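Good morning, and thank you for joining this group meeting. Please keep the sequence and the structure in view while I speak.

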Amino acid sequence: MLSRGAAGGRALRGVARAGRQLPSRGLRSSPRCRSAMPSWVIDRYGRNDVLRFTRDMVFPIIHFPNEVIIKVHAASLNPIDLSMRSGYGATALNMKRDPLKLKSADTEFPLTLGRDVSGVIMECGLSVSYFKPGDEVWAAIPPWKQGTLSEFVVASGNEVSFKPKCLSHTEAASLPYVGLTAWSAVNQVGGLNQNNCSGKRFDFILDNVGGSTEKWALDLLKKWSGATYVTLVTPFLINMDKLGVADGMLQTGVTVGSKTVKHLFKGVHYRWAFFTPSGPNLDEIAELVDAGKIQPVIDEVFSFSEVPKAFLKLEGGHARGKTVINWNKRLFTLIERCPGHSSLLCQSDHKVALVTAQLNNCIHLPKNSSMLNLCSRMDQQKW
């Protein structure tokens with residue numbers, strides 16, 4: 001069983017949210033032996049034309065006992081996906097992926113982008129006791145791992161949390177990466193929580209813009225009051241891309257050290273913050289979502305076949321919310337043409353890809369047809 005400081009409390013919160021007892025687990029094998037899955041990948045860094053759809057991406061495998069495989073229902077794009085598509089952070093991320101250079105293939109390609117996921121647990125490692133297959137979860141996958149623009153994705157159990165009950169998968173997929181980044185900056189680095197924020201003004205600044213902001217924003221903070229300036233715009237990955245691992249880390253250390261000391265003498269704490277994958281932190285965010293204190297803002301939803309279009313949308317800027325990729329969007333759009341059977345067809349998930357083609361001609365089923373009969377028909381007729 002996984003051991004970590006908050007494991008007990010987290011498990012209890014998960015049990016309370018799911019209203020069930022945690023089962024004892026043994027080794028589970030996949031019901032179907034699969035070796036490939038559909039995915040959007042890149043084989044080199046560049047602009048949008050490097051995105052390639054394949055049906056032959058290697059199916060994820062549980063390598064460690066604390067890992068889970070998630071069936072992706074929805075994902076979303078973040079600015080880091082645009083940057084990684086162009087090669088941003090490749091030096092540092094490749095070092096993280098293979099620090100001892102043990103892999104025979106000296107390349108990260110084919111690489112799947114996408115950090116956010118909302119979906120369903122399909123399989124659990126031996127040490128995972130607080131999830132089971134069928135649980136609805138959300139997560140933010142670290143940038144050094146294969147991303148979520150695939151049918152399935154593997155994640156550490158420590159990176160996964162139960163999806164907020166009040167959100168659909170589309171809504172939930174818009175929050176994990178940005179939520180955890182903000183949580184890391186405000187709570188972990190800035191030290192703010194529900195017990196110490198009452199009545200505070202200009203005690204904390206979170207900078208997610210960079211540029212000239214740092215030159216004037218610090219003057220707004222109260223000097224010698226413990227006020228903190230936290231920025232998400234750092235040269236860490238850029239330095240390593242330009243200078244290499246050793247020189248890049250040295251330059252980064254010099255930069256953050258000099259700025260910290262400079263502003264400390266002016267009576268202000270200066271900090272950098274980074275995205276940190278964390279299931280326990282997502283638990284806290286989920287509680288705020290279910291309480292109505294955090295709400296997703298979505299600009300546009302694209303189908304899985306429209307991933308390149310979604311990247312162009314994000315790259316164009318001026319978005320008023322997140323860009324979300326929904327595996328089932330095409331199905332739901334077509335179901336609207338068959339209102340008499342929507343409730344029946346919406347229950348199907350594992351047959352989505354097969355039934356979509358038939359929905360173009362609008363399937364007409366008897367009102368007393370069951371989902372079991374529908375799936376049986378689909379199998380018999382090879383839909």
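Asp43 counts as partly exposed, because its relative accessibility is 34%, and partly exposed covers the range between under 20%, which is buried, and over 50%, which is exposed. Arg52 also has a relative accessibility of 34%, so Arg52 counts as partly exposed. These two residues, Arg52 and Asp43, form a salt bridge in which the closest N and O atoms are 2.6 Å apart. Side chains of opposite charge can pair when their charged atoms come close. I should state at this point that we are looking at a predicted model, and that every value I quote is computed from it.

Let me remain with salt bridges. How many salt bridges does the count come to? The count comes to 10.

A second example is formed by Glu159 and Lys145, with 2.9 Å between the closest N and O atoms. This pair links distant parts of the chain, 14 residues apart: Glu159 sits in the loop between β6 (152–156) and β7 (160–162), and Lys145 sits in the loop between β5 and β6. Is Glu159 buried or exposed? Glu159 counts as buried, because its relative accessibility is 8%, and the limit for buried is under 20%.

A third example joins Asp299 to Lys313, where the closest N and O atoms are 3.0 Å apart. Here, too, distant parts of the chain are linked: Asp299 belongs to strand β11 (residues 298–303) and Lys313 to helix α10 (residues 307–316), 14 residues apart. Asp299 has a relative accessible area of 27%, so it is partly exposed. Lys313 is partly exposed as well, because its relative accessible area is 27%. There is also a network: Arg47, Arg85 and Glu315 are joined by salt bridges that share partners.

Let us now turn to the protein as a whole. It has 383 residues, and 47% of them count as buried. The protein contains 14 helices and 12 strands. If we take the contacts between residues at least 6 apart in sequence, 72% of them join residues at least 24 apart. The exposed area of the protein is about 19,700 Å², and carbon and sulfur atoms supply 56% of that area.

Next, the strands. Strands of a sheet pair through backbone hydrogen bonds, either parallel or antiparallel. This model offers examples of both.

For the parallel case, please find the open sheet of 3 strands, which has the order β8-β9-β10. Its edge strands are β8 (204–207) and β10 (269–272), each of which pairs on one side only. On average, neighbouring strands of this sheet are turned by 15 degrees against each other, direction ignored. Between β8 and strand β9 (residues 228–231) there are 4 bridges, and these two strands run parallel. One position to look for is Ile205, which stands opposite Tyr229 in β9. Which helix lies across β8, β9 and β10? That is helix α5 (residues 176–189), which runs at about 155 degrees to β8.

For the antiparallel case, please find strand β4 (residues 116–124), which is mostly covered, with 8 of its 9 residues buried. Strand β3 (residues 67–77) runs antiparallel to β4, and 8 bridges join the two. In this pairing, Ser76 stands opposite Asp116 in β4. β4 also pairs in the antiparallel sense with strand β5 (residues 136–140), over 5 bridges. There, Val117 stands opposite Ala139 in β5.

I have two further places to show you. One is Gly87, in the loop between α2 (79–85) and α3 (90–97). Gly87 counts as buried, because its relative accessibility is 16%. Leaving aside residues up to four places away in sequence, Gly87 touches Tyr45 and Asp241. Gly87 and Gly46 are 41 residues apart in sequence, while their C-alpha atoms are 7.2 Å apart in space.

The other place is at the surface. Which residues make the nonpolar surface patch of about 360 Å²? They are Phe202, Trp216 and Leu220. Leu220 lies in the loop between α6 (213–217) and β9. With a relative accessibility of 42%, Leu220 counts as partly exposed.

Thank you for your attention.

Notes:
Residues are numbered from 1 along each chain as its sequence is written. This is a predicted model: local features need pLDDT of at least 70, side-chain atom pairs count only at pLDDT 80 or more; totals for chains, interfaces and linings use all residues. Side-chain values use heavy atoms; hydrogens and water are left out. Buried means under 20% relative accessible area, exposed over 50%, partly exposed in between (1.4 Å probe, protein chains only). Contact means heavy atoms within 4.5 Å. Accessible areas come from the Shrake-Rupley method with a 1.4 Å probe; for residues, only the protein chains shown count as cover. Two strands pair if DSSP finds at least two bridges between them. Axes are lines fitted to C-alpha atoms, for helices over the stretch in contact, and angles run from 0 to 180 degrees between N-to-C directions. Patches are made of residues with over 30% relative accessible area and no salt bridge: like charges are joined within 9 Å, nonpolar side chains (Val, Leu, Ile, Met, Phe, Trp, Tyr) within 5 Å. A salt bridge is a side-chain nitrogen of Lys or Arg within 4 Å of a carboxyl oxygen of Asp or Glu.
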